[in-house]
Amino acid sequence: CVNLAKTRLGVCTLHVRHYDRVGVLAQVLDLLRRGGLNVEQMENRIFEGGRAAVATIDVADEVPRELVASIETIPDVLHVAVVPAPGRGTIRAICRL
């Protein structure tokens with residue numbers, strides 16, 4: 001493709017580990033939409049064995065803690081981490097045990 005960005009875009013990146021089930025990403029994306037966060041780049045990779053995956057989602061703004069907590073409540077989500085773009089702060093991670 002022509003004119004693709006050469007570096008990652010976004011203010012921060014969400015890493016969402018989840019079970020590979022229908023509708024999980026739709027729920028995550030709906031919460032981002034409700035929070036007014038634009039997705040600038042996204043990739044979903046399935047782990048070996050096909051039971052789980054990780055979605056890497058670059059978003060255009062900071063992700064509020066409340067939004068991360070909402071993503072955590074999705075039953076098939078295993079772990080959520082928010083990683084700021086270089087030079088934008090420290091890593092915030094929330095794990096459900």
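Two strands pair if DSSP finds at least two bridges between them. In this predicted model, strand 2 and strand 3 form a hairpin. Five residues lie between these two strands. Gly-49 sits in the turn and has a positive phi of about 100 degrees.

The hairpin belongs to a mixed fold. The protein chain holds two helices and five strands. Along the sequence, these elements follow the pattern β-α-β-β-α-β-β. The protein chain has 97 residues, of which 35% count as buried. Its accessible surface comes to about 6300 Å². Carbon and sulfur atoms account for 53% of that surface. Contacts over long stretches of sequence were also assessed. Among contacts in the protein chain between residues at least 6 apart in sequence, 64% join residues at least 24 apart.

Strand pairing was examined next. Strand 2 spans residues 39-46. Strand 2 runs antiparallel to strand 3, and seven bridges join the two. Within this pairing, Asn-44 stands opposite Ala-55 of strand 3. Strand 3 is also joined to strand 1, again in the antiparallel sense, by eight bridges. Here Val-16 stands opposite Ala-55, and Thr-13 stands opposite Asp-58. Ala-55 thus faces Asn-44 as well as Val-16. Strand 1 has a further partner in strand 4. These two strands pair in the antiparallel sense over seven bridges. His-18 has Val-77 as its bridge partner in strand 4. For His-15, the bridge partner in strand 4 is Ala-81.

Burial was then considered strand by strand. In strand 3, eight of the eight residues are buried. In a regular strand the side chains alternate between the two faces of the sheet. Both faces of strand 3 are covered. On one side, Ala-52, Val-54, Thr-56 and Asp-58 are all buried. On the other side, the buried residues are Ala-53, Ala-55, Ile-57 and Val-59. In strand 4, six of the eight residues are buried, so this strand is largely enclosed by the rest of the structure.

Two residues illustrate the range of cover. Thr-56 is placed in strand 3. Its relative accessibility is 13%. Thr-56 counts as buried because this value falls under the 20% cut-off. Thr-56 and His-15 are 41 residues apart in sequence. In space, their C-alpha atoms are 4.7 Å apart. Val-39 is placed in strand 2. With a relative accessible area of 27%, Val-39 is partly exposed. Buried residues are under 20% and exposed residues over 50%, so the value for Val-39 falls in between. Val-39 and Gly-10 are separated by 29 residues in sequence and by 8.1 Å in space, C-alpha to C-alpha. Beyond residues up to four places away in sequence, Val-39 touches Leu-29, Leu-32, Ile-57 and Asp-58.

The interior was analysed last. In soluble globular proteins, nonpolar side chains tend to be buried together. The largest nonpolar core of this model has 19 residues. Leu-14, Leu-32, Val-63 and Ile-71 have the most contacts inside this core. Strand 1 (12-19), helix 1 (24-34), strand 3 (52-59), helix 2 (65-72) and strand 4 (77-84) each supply at least two of the core residues. Helix 1 gives the largest share, with four residues. The surroundings of Leu-14 show how these parts meet. Not counting residues up to four places away in sequence, Leu-14 touches Leu-32, Val-63 and Ile-71. The same list of contacts includes Ala-55, Thr-56 and Ile-57. Val-80, Ala-81 and Val-82 are also touched by Leu-14.

Aromatic rings were checked for pairs and for nearby charges. The count of aromatic pairs comes to zero. One placement of a charge over a ring involves Arg-21 and Tyr-19. Arg-21 lies over the face of Tyr-19, at 4.6 Å from the ring centre.

How values were computed:
Residues numbered from 1 in each chain as written. Predicted model: local features only at pLDDT ≥ 70, side-chain atom pairs only at ≥ 80, totals over all residues. Heavy atoms only, no water. Core = buried A, V, L, I, M, F, W, Y, C linked by side-chain atoms within 4.5 Å. Buried < 20%, exposed > 50% of the residue type's maximum accessible area, 1.4 Å probe, protein only. Contact = heavy atoms within 4.5 Å. Phe/Tyr/Trp six-rings, centres within 6.5 Å; stacked < 30°, edge-to-face > 60°. Lys NZ or Arg CZ within 6 Å of the ring centre and 35° of its normal. Areas by Shrake-Rupley, 256 points an atom, 1.4 Å probe, with all protein chains shown as cover.
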